[in-house]
Amino acid sequence: MKIKLLTLPTLGKTLSAGTLVLAGMAVVSCADGFDSKEIFEPTVKNSTMLSPDSKDIVITASADGANQTISWPVVSGAGGYRLTVKDVTDANNPIVLVNDSLIDGCSCYIKREEDKNYVLTLKTLGNAKLNNQDAATATEVSFNSFAAAFAQIPAGDLAEYFEKNPLPKDLSSNDLIFDLEAGKEYTLNGTIDFQGQRVTLRTPSTNYAKIIYGEGSHLRTCAGFTLKNLELNGAALTANNSALLELSDQPIEAIKGIQVGSKESSYYDIQDPVVFRNCNMTAVNSFVLYDNGKSYSLANLIIDNCLIHLTTLESAGVANNAIFNTYAGGVRNLTMQNTTVWSTSAKPAKYVFRYNNGYRYDRAGVTDLYVTVQNTTMYNVCKTGHICNYDGVKAQKASHLKMTNSIFVDCASGQICRRFLGGSAGADATFANNTYWFDGAAENYAEYDKSETAIDEDPNFVDAANGNFTPQGAGQVAKQIGDPRWLKK
């Protein structure tokens, strides 16, 4: 390991400026404002060092959120510091980011990811020239990169909580983040409509809280909305047009025509993203997303790192319909990634994504439309259906459709590529490294996927019937395609 040192008043001598690269992460000491010609004379000698107090260790995120600085006060007479940083977001599988590394300074920085829990240990080292010994113990500090929560909701019924704790009357442009308790169960018995307020419901942990939807319950919004780190159980959603997340049945007029710049527009514009991230959706009898028959135009719909088990019911209106149903409007930028969708329903949906046939760029006030499916696994989804329906935009040059690194088994009547393109090859389409497998054989996709990268072999899932979609096919394993959660690391 190559270590470059820098000027800091820690070691009793002058060092040269530089960087330290550890465990694949950039760690940089800081000496802003220190005169490199100055010599610092330690006052502590013949002593056992003390590690910095935990309250004096400061962790600060950079302006762009890409890095975080760890700093601590100078310990006079020290010979350096030994630092370890771990990502403990998954407490059962901690990841060592910086491993027992020497820091010749009193600060460093490491890369930062959102929604992570970390723990660091910092130990002051002795200095043989001053006859100072290492500290007897290291200091341990836990920290995280979760955005600050507006409130924590105790386990119980969410509709009851928000009835007793209504949102601020002056709707804020800021996202209101509500934390649910790790590992606890919540119910939703009633209707919550957040209207124009951006809201995030999340668990600040990988020990997801569970939301159990009651019969006739409704979770609604007409603004940006995020469901993150949650288990969502929709077994009780059996009534017609129910959904895990609904767009408000009475949209606020303030969002009408924002994108076009005219209240004469046909569309209610939701400009902030609607996001399902790190969600395990079980017993999905209904839609995942439903627009309530209102003409919404969503700027961004993101489905990331989710498990979606479809048990759709005809009574819930999903048979011959869509899982993500924006039938009265559409989505300008739709992304599904790192996700598994599978169905065990006797009444499967016809589509995964559905827009209004009349949804047009000019009417929505945009020039381009994107649909991206990447690193995704689908099994038995819309087996006799079409998977996608966006007839109003399917063949336009400004429609950009991308499907990469994904596995499809027994989906879309054996016509994944054709149906993903809406039955037309006129759009700007990208295909790469996909498997299209139906009834024990490779699909005939050559007219649509011309990339010559498709993997024409059975992915041979370990146990698809019981929800284990680990691929055993040599081609899929070699190219590491499909939902990454099933791939060996």
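Buried residues make up 52% of the 489 residues in this chain, and keep in mind as you look around that the model is predicted. The secondary structure is counted as 4 helices and 35 strands. If you lay the C-alpha trace along its principal axes, it spans about 80 × 55 × 45 Å. Among contacts with a separation of 6 or more, 75% link residues 24 or more positions apart. On the outside, the chain exposes about 21,000 Å², with carbon and sulfur atoms supplying 46% of that area. As for charge, there are 42 positive and 51 negative ones, and their mean positions lie 3 Å apart.

Now for the inside. The largest nonpolar core has 92 residues, and the members touching the most others are Leu201 and Phe324. Strand β20, residues 274–284, gives this core its largest share, with 5 residues. Pick Phe324 and look past its neighbours within four places in sequence: its contacts include Phe276, Val288, Leu289, Leu301 and Ile303. Ile308, Met336, Val352, Phe353 and Arg354 are also in contact with Phe324. There is a second, separate core too, made of 21 residues, with Ile70, Leu83, Leu120 and Leu122 among them.

Next, head over to strand β11, which covers residues 176–180; 5 of its 5 residues are buried. In a regular strand, side chains alternate between the two faces of the sheet. Here Leu176, Phe178 and Leu180 point one way, Ile177 and Asp179 point the other way, and all are buried. So what does β11 pair with? One partner is β10 (residues 151–153), joined in the parallel sense over 3 bridges, and there Ala151 stands opposite Phe178. Another is β14 (residues 199–202), also in the parallel sense, this time over 4 bridges. The bridge partner of Asp179 in β14 is Arg202.

For an open sheet, try the one with 3 strands in the order β19-β22-β26, where the pairing is parallel. Why is one side of β19 and of β26 left without a neighbour in the sheet? Both β19 (268–270) and β26 (330–331) stand at the edges and have a single partner strand each, so there is nothing in the sheet on their other side. Between β22 (residues 296–298) and β26 there are 2 bridges, and Leu298 sits opposite Val331 of β26.

The antiparallel sense turns up at β3 (residues 58–61) and β4 (residues 67–71), which pair over 4 bridges. Ile59 has Ile70 in β4 as its bridge partner, and Ile70 is also one of the residues in that second core. The two strands form a hairpin with 5 residues between them, and Gly65 in the turn has a positive phi of about 75°.

Two other backbone angles deserve a look, since neither residue is a glycine. Asn320 has a positive phi of about 65°, and its place is in the loop between β24 (307–310) and β25 (322–326). Ala412 has a positive phi of about 55°, in the loop between β32 (407–409) and α3 (416–420). Are these two buried or exposed? Asn320 counts as exposed because its relative accessibility is 54%, over the 50% cut-off. Ala412 has a relative accessible area of 0%, so it is buried.

How values were computed: Residues are numbered from 1 along each chain as its sequence is written. This is a predicted model: local features need pLDDT of at least 70, side-chain atom pairs count only at pLDDT 80 or more; totals for chains, interfaces and linings use all residues. Side-chain values use heavy atoms; hydrogens and water are left out. Buried means under 20% relative accessible area, exposed over 50%, partly exposed in between (1.4 Å probe, protein chains only). Contact means heavy atoms within 4.5 Å. Accessible areas come from the Shrake-Rupley method with a 1.4 Å probe; for residues, only the protein chains shown count as cover. Lys and Arg count as positive and Asp and Glu as negative; His and the chain ends are not counted. The place of a charge is taken as NZ of Lys, CZ of Arg, CG of Asp or CD of Glu. Two strands pair if DSSP finds at least two bridges between them. A nonpolar core is a set of buried Ala, Val, Leu, Ile, Met, Phe, Trp, Tyr and Cys residues joined through side-chain atoms within 4.5 Å.
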